[in-house]
Amino acid sequence: MSANRVSLLEVSKHNQDDDAWIILNGVVWDMSGFAARHPGGRDVIEEYFGQDGSEVYNGIHSPGMAEKYLGQSKKVGLVEAGAPKTGDSDAEDHVPVVKPDLDAIISIYEFEKVAETALRPKSWAYISGSTENGLTKAANQDWYQRIWFRPRVLTGVGRVDISTSMFGRKWASPILNCPFSSAMLAHEDGELALARGFDACGNPMVIPTMSSYSVQEIVEAFPRGHPFFFQLYVHSDRSEMEKLLDQVCELQPQGILVTADLPVMSKREGYTKFLVNQRQKKPKKISQVTSAQRPEELVSVDPDLTWSDIEWIRKRTGLPTFVKGIQCASDARKALECGCAGIYISNHGGRALDTAAPSILVLLEIQATCPEILDKLEVFIDGGIQRGTDILKAICLGASAVCLGRPFFYSLAYGEEGVKHVIKILEAELATAMQLVGITSLEQAHPGLVNTGELEALIYRGDNHPWARKPRRARL
């Protein structure tokens, strides 16, 4: 039985939210009512009602993602033969550049310079941006530079071991990726390139909920049994979340990292401004969001997430559970109390609440307030890590492993080889830093090897403000 053929004229008639067809790679899909449920926001779906959205779709999703989310029942038919595609203005404006040879890159800072010109303008605006003034993003990196080493000499450092172990598995080094979404924005292989790069280097990968490829496709890029973690956004529709958790658990991850620091979308001015400028080049639609409006809701994320949900997820999966987005010692203590196996200190790379404390300061606050929990919890930390010395400082202060986001995203300009190169650079820097500070294994790292004096006055001890109190005003 031949597939139903649909004319462009017929597709164009279905251009309203309750009656919406979109063409993706020659297939006409019924997306009526889907815009409100789209994890990436409704705007990009509404823009292509009654049109061909293939260019935009292919830049961020794997070929099978539409069928995974929509199902066969939403497939209207095939577009008529010879129908022209609608172009993507961002792709048309982008001129490919000649990148330097990978061997010429000797620090991960250089990947950012390459990515600024190698990535599409929209991709660059999305990943390089931050919330509002970008103060937390800047502080994440700057504050590592305010911690100084106190090296020991004559300790015999001819051989150094940068490996670490967790949950009964040995890793080549304590370096993981942050679970950033839509890696295809940087490379067509997206998370598959990340998976192959981490496998080659002997490290686990963190697979994000909002990946360009399905979790199954990413896991299949590993050899059987390769360790990975899964980052979970708790869906507003709990049945959807349960279905996802069941699928993930079948793949046997090392643990579940539940994101808690972004219950609503923050105001990311750089990226929003880019989108506004792009829209001004196109005919305006009444439904388009202006730059002055509140950021769109994360429709796939439950803003009413609570600690009881974390406990439910832990019991439902039976897997080690982390809370991702810990930003104070009090919440780190709560994570232990509700049975978590670990915490993930993060402010979303400065993309959640601007002027939230830089991640390394949160780790210091935990050391000052409740250091005993570090004996019982694994600790991941991200935000501003650019050097092997940064990794060593975090480990000395109690972290189990570090996660990097933008550096790996930028490295995807080179695909799998770029990912491997980032890890190799950081591992070499980490090994050298360990030898120069006077240790030969990460087990020997301890707080006495660092001087945090410049930050002492900024470290909270306790849950409350040290002297300010909330006014109690009488209201008539």
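Partly exposed here means a relative accessible area between the buried range, under 20%, and the exposed range, over 50%. Keep that in mind for what follows, and remember that this is a predicted model.

**Salt bridges**

How many salt bridges does the count come to? The count comes to 18 salt bridges. Three of the pairs are set out here, with the N to O distance for each.

| Pair | Closest N to O | Separation in sequence |
|---|---|---|
| Glu454 and Arg146 | 3.7 Å | 308 residues |
| Arg316 and Glu242 | 3.3 Å | 74 residues |
| Arg333 and Asp463 | 3.5 Å | 130 residues |

Start with Glu454 and Arg146, whose closest N and O atoms are 3.7 Å apart. Glu454 sits in the segment after strand E17 (450-451), while Arg146 is in the loop between helix H8 (135-142) and strand E6 (148-149), so this salt bridge ties together parts that are 308 residues apart in sequence. As for solvent, Glu454 is partly exposed at 43% relative accessible area, and Arg146 is partly exposed too, at 27%.

Next up is Arg316 with Glu242, a salt bridge at 3.3 Å between the closest N and O atoms. This one runs from helix to helix: Arg316 belongs to helix H13 (residues 307-317) and Glu242 to helix H11 (residues 238-250), which makes it a link between distant parts of the chain. Arg316 has a relative accessible area of 35%. Glu242 comes in at 29%, and because that value falls between 20% and 50%, it counts as partly exposed.

Then there's Arg333, which meets Asp463 at 3.5 Å, N to O. Arg333 is in helix H14 (residues 329-337) and Asp463 is in the segment after E17, so here the tie is between parts 130 residues apart. Arg333 is partly exposed at 23%, and Asp463 is partly exposed at 48%.

Not every salt bridge stands alone as a pair. Asp189, Arg196, Glu416, Glu417 and Lys420 are joined in a network of them.

**Cysteines**

How many disulfides does the structure hold? Zero. Why does Cys340 have no such bond? Its sulfur is 3.8 Å from the closest cysteine sulfur, in Cys338, and a disulfide needs the two within 2.5 Å, so the gap is too far for a bond. Cys340 is also buried, at 6% relative accessible area.

Cys396 has its closest cysteine sulfur in Cys403, at 18 Å, which is again too far. Cys396 is buried as well, with 2% relative accessibility.

Note on methods. Residues are numbered from 1 along each chain as its sequence is written. This is a predicted model: local features need pLDDT of at least 70, side-chain atom pairs count only at pLDDT 80 or more; totals for chains, interfaces and linings use all residues. Side-chain values use heavy atoms; hydrogens and water are left out. A salt bridge is a side-chain nitrogen of Lys or Arg within 4 Å of a carboxyl oxygen of Asp or Glu. Helices (H or I, at least four residues) and strands (E, at least two) are DSSP runs, numbered from the N terminus. Buried means under 20% relative accessible area, exposed over 50%, partly exposed in between (1.4 Å probe, protein chains only).
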